[in-house]
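Me: I am a first-year student and I would like a slow, close look at one part of this protein. Please choose a single element, follow it from one end to the other, and then show me what surrounds it.

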Amino acid sequence: MIAVYPGSFDPVTCGHQDIIARAAGMFEGLTVLVAANSAKSPLFSADERVALLRESCAHLPNVGVEVLPPVLLVDYAAEHRAGVIVKGLRAVSDFEYEFQMALLNRRLRPQVETIFLMTAAEYSYLSSSIVKEIARFGGDIEGLVPPPVRRALAEKFGQQQS
Ligand code: ADP
């Protein structure tokens, strides 16, 4: 079975990476899909986000990373023979929106199932936006993002790496 894991990944964090590694262990193949237009003004371009994800997942042979073209996620999944959409859940606050999306996607294509993986406790407070906020003001993000992302953020915000 092939699964897709969609998100904005602006940029990928250790929380995402944990979900990717766990899902990769459950499925034959996992395609991480970077939604190009989901964040209104992303810090990283879609291509930069893909490149950072690819670097961060290079050790996982059954994981691929692509930009999600402007089609419905369930249509992309069906076309690429993916039977499962993987989502991560951090807190109750994620639930309402994810529940709505999962039900809508099931209505659109009942054959594509959505599954939820609970965040690792140590990453439950982590989001791409909080990481960007810390990095913007020069805070230490070691252990919160994969090393290539730490470098890319330092470059974006014009900081020396310690
Ligand atoms: P963010 O909300 O950080 O901007 P995305 O939109 O890129 O993240 O999220 C893609 C998917 O990853 C969503 O299913 C989201 O719930 C999940 N996710 C985000 N951060 C974490 C985390 N720290 N732990 C587990 N799942 C996460």
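Reply: What follows is a walk along one helix, then past the pocket beside it, and on to some loops.

The coordinates come from a predicted model, in which local features need pLDDT of at least 70 and side-chain atom pairs count only at pLDDT 80 or more, while totals for chains, interfaces and linings use all residues. Residues are numbered from 1 along each chain as its sequence is written, and side-chain values rest on heavy atoms, with hydrogens and water left out.

The part to follow is helix 4, which covers residues 92–108 (helices are DSSP runs of H or I with at least four residues, strands are E runs with at least two, and both are numbered from the N terminus). A good place to start is D94, which belongs to this helix. Is D94 buried or exposed? The residue counts as buried because its relative accessibility is 15% (buried means under 20% relative accessible area, exposed over 50%, and partly exposed in between, with a 1.4 Å probe and protein chains only). A polar atom in the side chain of D94 lies 2.8 Å from the backbone nitrogen of R90 (a polar contact is a pair of N or O atoms within 3.5 Å; within protein one must be able to donate a hydrogen and the other to accept it, and residues adjacent in sequence count only if both atoms are side-chain atoms). If neighbours within four places in sequence are set aside, D94 is also in contact with G88 and L89 (contact means heavy atoms within 4.5 Å).

Further along helix 4 sits N105. With a relative accessibility of 10%, N105 is counted as buried. Once neighbours within four places in sequence are left out, the partners that N105 contacts are L73, V74 and I85.

The next residue to visit, R109, is placed in the loop between helix 4 and strand 5, the latter spanning 113–118. Its relative accessible area is 25%, and therefore R109 is described as partly exposed. Not counting residues up to four places away in sequence, R109 touches V74, D75 and A78, so that V74 appears in the contact lists of both N105 and R109. R109 can also be placed against M1: 108 residues separate the two in sequence, and their C-alpha atoms are 17 Å apart in space.

Helix 4 has another role to look at, in the lining of a pocket. Which residues lie nearest the centre of the largest pocket? They are P6, G7, S8, K87 and E98, out of 36 residues that line it. Two or more lining residues come from each of strand 1 (2–7), helix 1 (14–26), strand 4 (82–89), helix 4 and helix 5 (128–136). Among these contributors, helix 4 gives the most, with 8 residues. (On a 1 Å grid over the protein atoms alone, a pocket is an open set of points with protein on both sides within 12 Å along at least five of seven lines, a cavity is a set where a 1.4 Å probe fits but cannot get out, and lining residues have an atom within 4 Å of a point.)

Strand 1 is followed by a loop that leads to helix 1, and F9 is found in that loop. Although F9 is not a glycine, its phi is positive, at about 50 degrees. F9 is buried, since its relative accessible area is 2%. P11 lies in the loop between strand 1 and helix 1 as well. The peptide bond that joins D10 and P11 is cis, with omega about 0 degrees.

On the way into strand 4, R81 occupies the loop that comes after helix 3 (73–79). R81 is another residue other than glycine with a positive phi, here near 55 degrees. With a relative accessible area of 73%, R81 is exposed.

Finally, some distances give a sense of the wider chain. E142 stands in the loop between helix 5 and helix 6, and at 55% relative accessibility it counts as exposed. Its C-alpha atom is separated by 28 Å from that of F95, 47 residues away along the chain. V71, in the loop between strand 3 (63–68) and helix 3, is partly exposed at 42% relative accessibility. From C-alpha to C-alpha, V71 and E142 are 35 Å apart in space, and 71 residues apart in sequence.
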